[in-house]
2 protein chains.
Amino acid sequence: MIKRINHIAIVVEDLDSALAFWRDAMGLPVAKTEENPGENVDIAFLPVGESEIELLKPTDTESGIGKYLAKKGQGMHHMCIEVEDIDATMQRLAAHGVQMINDVPRVREEGTRYAFVHPKSAGGVLVELYELPK
Amino acid sequence: MIKRINHIAIVVEDLDSALAFWRDAMGLPVAKTEENPGENVDIAFLPVGESEIELLKPTDTESGIGKYLAKKGQGMHHMCIEVEDIDATMQRLAAHGVQMINDVPRVREEGTRYAFVHPKSAGGVLVELYELPK
């Protein structure tokens, strides 16, 4: 039912400085970089084994990630857990009284279905659920 | 050189509440629980794919983890990256001016060699390096 850690998202002030550590010093490859004006972030994707590190750089101060950076500073922002069946997982979570941020899965352009668990229900961790397109 | 995310460590106030989410609601298995009086934490290890989630519950308020919980609250504490050769990795990091918390690797009882990168050099993330015994 639970497949893997799909990614760990890290909020950074500056992509170049973050890449100086993760890419240049640690030696991780950069699979892709992307500007996401819809969510006001620039993102770099760095695969690590079966998972990815996603570096998120907010492009404004009013978006969710921008406010997070201003309030909490740089660091790990959320953990994305990939599941086989997000509907079944969400039913199970609901049966255990877990509070979601998204009550129904949202869908990305390429077909990934996702939803966030409220950190209140996950011991302070912002947990994202992913179901990749089959 | 870099193999995988070995584990994500999460600081929690209470293991039972954390397990109610990760084990009971999410359905992750608990591979092991351990009392670690040396580091003043109780730990639960939950495998997820090739990685693990480690739930850390401080048993006092004066240890590093206890102070972290008091100051920052529950949440993701560090990310452990498993490497093939920790000496080679640390030489590479040093060549890039990365500051370490441990200048030489420490060794756990079972032979794992580990060292922490200073969050200042890793964009606010506490990164642990692991080299497992061969």
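Q: How many residue pairs are in polar contact between chain A and chain B, and what makes a pair count?
A: In this predicted model, 7 residue pairs, both members at pLDDT 80 or more, are in polar contact between chain A and chain B. A pair counts because N or O atoms lie within 3.5 Å, one able to donate a hydrogen and the other to accept it.

Q: How many salt bridges are counted between chain A and chain B?
A: The count is 0 salt bridges between the two chains. A salt bridge would require a side-chain nitrogen of Lys or Arg within 4 Å of a carboxyl oxygen of Asp or Glu.

Q: Which elements of chain A give two or more residues to the side that touches chain B?
A: They are strand E1 (2–11), helix H1 (15–25), strand E4 (51–58), strand E5 (75–83), helix H3 (86–95) and strand E8 (127–131) of chain A. E1(A) provides the largest share, 7 residues. By class, this side of chain A holds 23 nonpolar, 11 polar and 6 charged residues.

Q: How many residues of each chain are in contact, and what area is buried between chain A and chain B?
A: Contact links 40 residues of chain A with 40 residues of chain B, the criterion being heavy atoms within 4.5 Å. About 3100 Å² is buried between the chains, and carbon and sulfur atoms give 76% of that area. Phe21(A), Met26(A) and Met76(A) supply 21% of the area that chain A buries against chain B, more than any other three residues.

Q: What relates chain A to chain B?
A: A turn of 180° with a shift of 0.0 Å along the axis lays chain A on chain B with an RMSD of 0.0 Å. This is therefore the relation of a two-fold axis.

Q: Why can the copies be said to meet through the same surface?
A: Of the interface residues of chain A, 100% are also interface residues in chain B, and therefore the copies meet through the same surface.

Q: What is the phi of Asn40(A), and where is this residue found?
A: Although Asn40(A) is not a glycine, its phi is positive, at about 55°. Asn40(A) belongs to the loop between strand E2 (32–36) and strand E3 (41–48) of chain A. In chain B, Asn40(B) also has a positive phi of about 55°, and it sits in the loop between strand E2 (32–36) and strand E3 (41–48) of that chain.

Q: Why is Asn40(A) called partly exposed?
A: The relative accessible area of Asn40(A) is 25%. Buried means under 20% and exposed means over 50%, so Asn40(A) is partly exposed. Asn40(B), at 25% relative accessibility, likewise counts as partly exposed.

How values were computed:
Residues are numbered from 1 along each chain as its sequence is written. Chains are lettered from A and ligands numbered from 1 in the order in which they are written. This is a predicted model: local features need pLDDT of at least 70, side-chain atom pairs count only at pLDDT 80 or more; totals for chains, interfaces and linings use all residues. Side-chain values use heavy atoms; hydrogens and water are left out. Helices (H or I, at least four residues) and strands (E, at least two) are DSSP runs, numbered from the N terminus. Buried means under 20% relative accessible area, exposed over 50%, partly exposed in between (1.4 Å probe, protein chains only). Buried area is the accessible area (1.4 Å probe) that two parts lose on being put together, summed over both. A polar contact is a pair of N or O atoms within 3.5 Å; within protein, one must be able to donate a hydrogen and the other to accept it, and residues adjacent in sequence count only if both atoms are side-chain atoms. Ala, Val, Leu, Ile, Met, Phe, Trp, Tyr, Cys and Pro count as nonpolar, Asp, Glu, Lys and Arg as charged, and the others, Gly among them, as polar. Copies are superposed by least squares on the C-alpha atoms of residues with pLDDT of at least 70 in both.
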